[in-house]
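Trainee: Could you take me slowly through one part of this model, beginning with a pair of side chains and then following the chain into what lies around and beyond them?

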Amino acid sequence: MSQTRAIYGAIRDGRLQEAVSRLQAVLRLAPGSRAALSLLAYCYYQQEEYEAAAERYGVLVERHPEVPEYRMHWAQSLCKAGRFAEAARAAAAVDGFTQAVRQLQAAIKYEAGDLRGCRSALEALPPGGAAATAAAGCIAYKEGQYAAAAAQFREAAQMVGYSPELAYAVAACQYQQRDYAGALASLAEIVEAGVQRHPELGIGTQTQGMEARSVGNSAKLKQTALVEAFNLRAAVELQLGNPTGAAAALSDMPPRQEHELDPVTLHNQALVALASAAAAPSLQAAAGRQAGLAKLLHLLAHPPFPPELAGNLLSLCCRPSEGGGPCGSALGSTQERADVAEEVLGAHAALVAATVPPGVLPLYEACLARMRRGPEEAAAKLDELAGSHIEGLRKRVKAVQDARWAGDHAAAAAGLEAYEAELEAFLPVLMSLAHLHWEAGAFGRAQAVLQQSAEFCSDHPVWRLNLGHVLVAQEGGKLGEAAELYESLVQHFAGAVVAAGGGAGAGGSLLDVPPWALANLCVCHVVGSQNEVAEDLLRRLEDEVAAATGIDSSGADGDAAGGAMAGGGVAGPVPPHLSLTNLAIGTLYCAKGNFEFGITRVTRSLEPLAAHLDAPRWRAAMLCLLVMLDQVAKNMLVLKDALVADLLAFLEDVEAAGRGVPALVAAGPSAGSSTAGAEVLHVAQPQTICGQARSLRAMLLKMSE
């Protein structure tokens, strides 16, 4: 009797794992116990261990075929486990429960992607009811008709009153419509209802640092839709570029142990860890990224998993490696990434075809060909794919022209929309092909590839941006042509062409312009002896950054290493535009031998350190410093005492702010025959920015003695 009371008490309190352990002990003593087996199947189902639940309900159906409830639960478990054909057969054999069986049959077809069969099954339900209305909303959602789906869900909610599940469905529709503010408002209602009605679920206790006991996967938790709401809130925050908010959303979720987490939560935790590591690199973040990728690979090996997993893993596998050190590719070597991509594309081909956009899949396949067989085969695949897109674009242009000549305005508008969609699908292919030549250093070939598509892409900002980069990168630099392209981007995004004495554009902001476009435009003007134009652009940029962040970056050059560079005190996100522009100008002047001005600009580019000190920018700054120190070591340059003092203070600040921040491995310039230069440059590379800054400061101190 005490054992029975303990089992039911554990189930009532949501301590399902404890109940499972007790029930397993009972079944070891009494293998034929119907009650224990039924309760064990129920616990597995509530814990979302659907395969285990289906196995136990299958045994119950075999032993007690006269109980239709067991067959119904068996069919539900099979459906949740993704075994749709078996679930359909089990549901068809259920006696009684006519309406529930029809709803289950519709759900099975819906989950299997058979929308026509789902709609047919729903026609047998009583029309006008809340269940039928919500089901119609689900079908509309699956078909991409999100506004219609939201209307159906709201209508169903009016019939039954407040329902967390229906409120979540409305929020999901708003998310798909990119109405993120509306989605967050709907999700806030769900969370508020959960806090008020179920304080025992411990919402937010983990975020507040309170000791929290797992609430398990109880039926009560499922009814609140809180897990779904917090997962969707995390997705919204990621879309808004706020990984910190996404992490807080997942942390606010009712506490559960890791083995109790559902696949969607595990998947989202992994994505948030990856996004957080990218936003704020550190050794801890790198470890979090490794853990996040381990979760994704675990999900891949243990279905069912969210359908988005396939596309996310392919994207990670095909992402360019970040270089050496702990910031390198967390999926491992090129061959290891290729192995994962091949597994996704091969073992999960149907899922990939259903979830990865058709225009993106060939890009992944070309990336895999590059990793396995080299860039030549990838270029051949991309070239063939680009040719098919160009043919499609020409057909779209002809269709629009024919419609206009025929006076069919509706057909012309539809044709223009189809042309724009085809162009957006073509651009990633074109840029991937140009990128292959860029990586090989064949900048002229990259330029030719881009210009071959000028008739379709010349007005597109992405095309103009990348063609500008290719022109700047070439030997000698075609800076005049590049400047024209960058100025057109400023016109496009900020509403004003930068010219001597030009004022700020109306209705736009320089912070809307791609950051490297502004940086390279300034470089083009400086090289072209248009210093006044570059200075005007820089002043406008400083003013806009100050207005957006409250940070004054326009101090005198001599103050570049001053207190504004301390690691803290940044109220919000700081746009990278001014930082990258200063870095580009400073690097240019260092290359021309004007180290006093150039190094000052380079150090200023990292202000404030809390916002701009990351591995790529620090690597660029460190290379400039190494070149300068090499010149000093060869007695080709003498540094002023004031500059040395500023640099020592700057490096001390970097050392403090760079603790735990991984650094890219950077090779210094050739020391030539200089023994002193070799001594300076051939030092062991520390693996954090802090360590590298400490080494540079030690070199500078030794040279200034």
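Mentor: Let us begin with Tyr45 and Tyr50, which are both buried (under 20% relative accessible area, with over 50% called exposed and the range in between partly exposed, using a 1.4 Å probe and protein chains only). Please keep in mind that this is a predicted model, in which local features need pLDDT of at least 70 and side-chain atom pairs count only at pLDDT 80 or more, while totals for chains, interfaces and linings use all residues. Residues are numbered from 1 along each chain as its sequence is written, and side-chain values use heavy atoms, with hydrogens and water left out.

The structure holds five aromatic pairs (rings of Phe, Tyr and Trp, the last by its six-membered ring, with centres within 6.5 Å; planes under 30 degrees apart are stacked, over 60 edge-to-face and the rest tilted). One of them joins Tyr45 and Tyr50, an edge-to-face pair with 5.2 Å from centre to centre and 70° between the planes. Another joins Trp438 and Phe443, whose ring centres are 5.0 Å apart and whose planes stand at 70°, so this pair is edge-to-face. The two tyrosines are buried, whereas Trp438 is partly exposed, with a relative accessible area of 35%, and Phe443 is partly exposed as well, at 22%.

Going back to the first pair, we come to Glu48, which sits in the loop between helix 3 (34-46) and helix 4 (50-63); helices here are DSSP runs of H or I with at least four residues, numbered from the N terminus. The phi of Glu48 is near 65°, a positive value in a residue that is not glycine. This deserves a second look because most residues other than glycine have a negative phi. With a relative accessible area of 26%, Glu48 is partly exposed.

For a comparison, turn to Ala225, in the loop between helix 13 (219-224) and helix 14 (226-239). Ala225, although not a glycine, has a positive phi of about 60°. While Glu48 is partly exposed, Ala225 is buried, with a relative accessible area of 3%.

A last backbone detail is found at Pro608, in the loop between helix 31 (595-604) and helix 32 (609-612). The peptide bond that runs from Glu607 to Pro608 is cis, with omega near -15°, and you may note it down because most peptide bonds are trans.

How values were computed:
Helix = DSSP H or I, 4+ residues; strand = E, 2+ residues; numbered from the N terminus.
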